[in-house]
Amino acid sequence: MAKYFKNHLGHQMIYIPGGEFVMGDIYGDGASNERPLQKVKVKSFSISDKLVTNKQIIKFLNSNYEKPVADPIINPYLSEIVRLKNSYFDLDSSSNMLSQLNLSPNRNGGTEGLFNLKPKFPIEHVDGSFTLFKNRSKFHEELPIGTSWFIANLYCDWLSRATGEIYRLPTEPEWEYAARSGGKNEKWSGTNSEYNLSDYAWFNNDKMNLGMRLGKSPYKEIAVGLKKPNGLGIYDMSGLVSEWCYNQYFGDYSCSTSDGYPKYVTRGGCCQFDSMGVRCFSRSYVTGGTTSEFDVYGSSFKSPIGFRVCKQER
């Protein structure tokens, strides 16, 4: 029976006892970057049962948190990218909606400027504070926030300071161990049955495709925690959105060198992916400054990357 606790900022955390498991594509039908298989020991940790949502990010935005100096151990590029909240978020002057700056770090630690894409959230700035905009649907506040690796780490740092505990992104081994219900031989988080996968995961299946053909957005009624959880009580670790891990990405589990630009591991796949792309073993990477969003107004989808928080046990 999993142990649950809720911190005072509303994250329900699940305590996961440490253990040993074989990490990687144990079924042998995946990509080369899911190998070689290796035995991994993880220490006990706690992880949020759901992804961080728009509703939760508002508490962060309205806090007095500032991070004027980056921790070079966490990320040497951070000091060049973010100083204060106004530096990494932007308000659209015409709509008063919040946008997130999409930054591309270069090899020298600076930035190459903004991408054209500036994702808009269902968040606006009214009377000096951030709030969900009035015309939101009931699902907007429970959508996972699509964000960059950098801002995900800032959120964890803020959460640590607010609670007095150590919060961070999960490491890649921790993420897979949790997704597989404590290192079990699960192909998808919560099940080995592709037939039953839609009970556990938002992914690109026949039902999604039918909605697209009929001109209906299958994404408008998506929210965290609507599918079945895995064996530990954790939701949406297969599909919905890809999830940031703490680790930089290397070509396989045994590599120890990087090829320049800081790339970070994403796991779990998103609901744009087919069943192979949302397996517990599927790995990908994105540069840390990349941001993303849900398009809840149309039938398109921009492969958002979200995150959940991990509490390091002392």
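# A tour from an open sheet to a pocket

Start with the sheet of 4 strands, an open one with the order E15-E14-E13-E16 and mixed pairing. Its edge strands are E15, residues 283-287, and E16, residues 305-306, each of which pairs on one side only. The model on the screen is a predicted one.

**The two inner pairings**

Select residues 242-248, which are strand E13, together with residues 263-267, which are strand E14. These two strands run antiparallel and are joined by 3 bridges. Now add E16: with E13 it pairs in the parallel sense, over 2 bridges. To see one of the contacts between these strands, pick Glu-243, whose bridge partner in E16 is Gly-306.

**Thr-266**

Go next to Thr-266, which is part of strand E14. Which residue stands opposite Thr-266? Trp-244 does. Measure the C-alpha to C-alpha distance from Thr-266 to Glu-243 in the viewer: the two are 5.1 Å apart in space, with their positions 23 residues apart in sequence.

Is Thr-266 buried or exposed? Thr-266 has a relative accessible area of 4%, so it is buried, the cut-off being under 20%. Show what surrounds it. Beyond the neighbours within four places in sequence, Thr-266 touches Ser-242, Glu-243 and Trp-244, and also Ser-282, Arg-283, Ser-284, Tyr-285 and Val-286, with Ile-305 completing the list.

**The whole chain**

Zoom out to the full protein. Its secondary structure amounts to 6 helices and 17 strands. There are 314 residues, and 55% of them count as buried. Of the contacts with a separation of 6 or more, 71% are between residues 24 or more positions apart.

**Helix H1 and Gln-56**

Select residues 54-61, helix H1, and find Gln-56 within it. How many of the 8 residues of H1 are buried? The number is 6, so the helix is largely enclosed by the rest of the structure. Those buried residues are Asn-54, Gln-56, Ile-57, Ile-58, Phe-60 and Leu-61.

Stay on Gln-56. Its relative accessibility is 15%, and because buried means under 20%, Gln-56 counts as buried. With neighbours within four places in sequence set aside, Gln-56 is in contact with Gly-10, His-11, Leu-51 and Tyr-155.

**The second largest pocket**

Gln-56 also leads to a pocket. Among the residues lining the second largest pocket, Gly-10, His-11, Thr-53, Gln-56 and Glu-142 lie nearest its centre. Select these five to locate the pocket. The lining has 16 residues in total, and the volume is about 250 Å³. Which element gives the largest share of the lining? H1 does, with 3 residues. Colour the lining by class and it divides into 4 nonpolar, 6 polar and 6 charged residues.

**Cysteines**

Display the cysteine sulfurs next. How many disulfides does a search of the whole structure find? The search finds 0. Cys-271 shows why one pair fails: the closest cysteine sulfur to its own is that of Cys-270, at 5.6 Å, which is too far for a bond. A disulfide would need the two sulfur atoms within 2.5 Å. Cys-271 is buried, at a relative accessible area of 0%. Cys-280 also counts as buried, with 0% relative accessibility.

**Three stops in the loops**

The last stops are about backbone angles. Begin at Pro-36, in the loop between strand E3 (19-23) and strand E4 (38-42). The peptide bond joining Arg-35 and Pro-36 is cis, with omega about 5°.

Move on to the loop between helix H5 (172-179) and helix H6 (206-213), and select Ser-181 there. Ser-181 is not a glycine, yet its phi is positive, at about 55°. Ser-181 counts as buried, at 5% relative accessibility.

End at Asp-236, in the loop between H6 and E13. Asp-236 is a residue other than glycine with a positive phi, near 65°. A relative accessible area of 1% makes Asp-236 buried. From here, following the chain into E13 returns you to the sheet where the tour began, in which E13 stands between E14 and E16.

Notes
Residues numbered from 1 in each chain as written. Predicted model: local features only at pLDDT ≥ 70, side-chain atom pairs only at ≥ 80, totals over all residues. Heavy atoms only, no water. Buried < 20%, exposed > 50% of the residue type's maximum accessible area, 1.4 Å probe, protein only. Contact = heavy atoms within 4.5 Å. 1 Å grid on protein atoms, 1.4 Å probe; cavity = no way out; pocket = protein on both sides within 12 Å on 5 of 7 lines; lining within 4 Å. Points joined across faces, edges and corners; volume = space filled by probe spheres on them. Nonpolar A, V, L, I, M, F, W, Y, C, P; charged D, E, K, R; others polar. Pairing = 2+ DSSP bridges.
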